[in-house]
Amino acid sequence: MSDISFWGIAAFMVVSGLLVVFSQSLFRSAFFLALAFTGFGMLYFMLDAPLVGAIQILIYAGAVTMLLMFVIMLTRQEGRAPRRLGELLRSITAFQLFSGALCAALLFSLVSQLGAVRWRTADAVPGFEGTAQQAGISALLFGQFAFAFEVVGMLLLAALIGAVVLARTDDAADGDTGGEAR
Amino acid sequence: MIGLTHYLVLGAVIFCIGLFGLLTRRSAVSLYMCIELMFNAANINLVAFSRYIVPQSALGQVFSLFVIAISAAEFGVGIAIVILMFRRMRKTDADVASRMGG
């Protein structure tokens, strides 16, 4: 049962990932990216990490995808999208073939290395799930990694301010406001 | 039986898909999508190691939470840059950005 769901989710994610890369329309790319993010979330649930799975779906499939949709709509370039398919098909450049070969080579070497390693794996600890696991996560997050947690908080604040500063309009006469950026 | 290697190989596959997109796509927005795909592929490894190597602790899950937070920060700033680029040059192609250096 677990095997079947793993293969199903894996195929779902690989297909959505490929469609993200090969879709011509940015909207379609973003849609398939949301599907891929949902697949990642399901995978985390399968890996006995329900908290990370829930956060993944909330942040990525929810917030990041919404932001992407906003940006795609804000930066829509008229008269460009229909032309791109033929344009792209005619010009499958040497660089694209080269990067495809590069990625395939990287994938091949990664997979062959991963197949050679014998990991010393352990079985799941029976009591360590649900609330016990969440208590473990909080103990780590607010104990051993409390300083890193604060630093990440500062980073998010800095990114927030930076995004607002970057995307705001200087003159009010300009039509679109930059407030939607974050 | 599904083991650690399966998850790692899946992560590697998705990472390479994202890398290919990063190399070949032109629009800056789709570059960010591919970067997010690569971040998530790395996250699978962290959670899978956490589950299979140290199941008695949630270390890898905490790391993956940090990765999610940092990629969210990166994404926010990147999207702001894309909006700025569009406003200045009316295009979001990444090769347009090479003109920004002056």
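**Buried area.** I started with the surface shared by the two chains in this predicted model. Chain B and chain A bury about 7000 Å² between them, and 77% of that area is on carbon and sulfur atoms. I then asked which residues of chain B lose the most area to chain A. They are Arg25(B), Met33(B) and Arg87(B), which together make up 9% of what that side buries.

**Contacts.** Next I looked up how many residues touch across the interface: 71 residues of chain B are in contact with 83 residues of chain A. I also noted seven residue pairs in polar contact between chain B and chain A, with both partners at pLDDT 80 or more.

**Who supplies the chain B side.** I went through the helices of chain B here. α1 (4-24), α2 (28-52) and α3 (59-89) each supply at least two residues of the side that touches chain A. Which of them gives the most? I found that it is α3(B), with 24 residues. By type, I get 48 nonpolar, 15 polar and eight charged residues on the side of chain B that touches chain A.

**The salt bridge.** I searched the whole structure and found one salt bridge over all chains. I then checked where its two partners sit. Asp48(A) lies in the loop between α2 (26-46) and α3 (50-74) of chain A, while Arg51(B) is in helix α2 of chain B, so the pair joins two chains. The count between chain B and chain A is likewise one salt bridge. In this pair, the closest N and O atoms of Asp48(A) and Arg51(B) are 2.9 Å apart.

I was curious about the cover on each partner: is Arg51(B) buried or exposed? Arg51(B) has a relative accessible area of 18%, so I put it down as buried, because the cut-off for buried is under 20%. Asp48(A) has 36% relative accessibility and therefore counts as partly exposed.

**A closer look at α2(B).** Since Arg51(B) is in this helix, I stayed with α2(B) for a last set of checks. What span should its 25 residues have at 1.5 Å a residue? The expected value is 36 Å, and I find the end C-alpha atoms 37 Å apart, which agrees. I also looked at how covered the helix is: 19 of the 25 residues of α2(B) are buried, so I noted it as mostly covered. At the N-terminal end of α2(B), I found Ser27(B) acting as a cap. A side-chain oxygen of Ser27(B) lies 3.3 Å from the backbone nitrogen of Val29(B).

Definitions and conventions
Residues numbered from 1 in each chain as written. Chains lettered and ligands numbered in written order. Predicted model: local features only at pLDDT ≥ 70, side-chain atom pairs only at ≥ 80, totals over all residues. Heavy atoms only, no water. Contact = heavy atoms within 4.5 Å. Buried area = accessible area lost by both parts, 1.4 Å probe. Salt bridge = Lys/Arg side-chain N within 4 Å of Asp/Glu carboxyl O. Polar contact = N/O pair within 3.5 Å; in protein donor to acceptor, adjacent residues only side chain to side chain. Helix = DSSP H or I, 4+ residues; strand = E, 2+ residues; numbered from the N terminus. Nonpolar A, V, L, I, M, F, W, Y, C, P; charged D, E, K, R; others polar. Expected span 1.5 Å × (residues − 1). Buried < 20%, exposed > 50% of the residue type's maximum accessible area, 1.4 Å probe, protein only.
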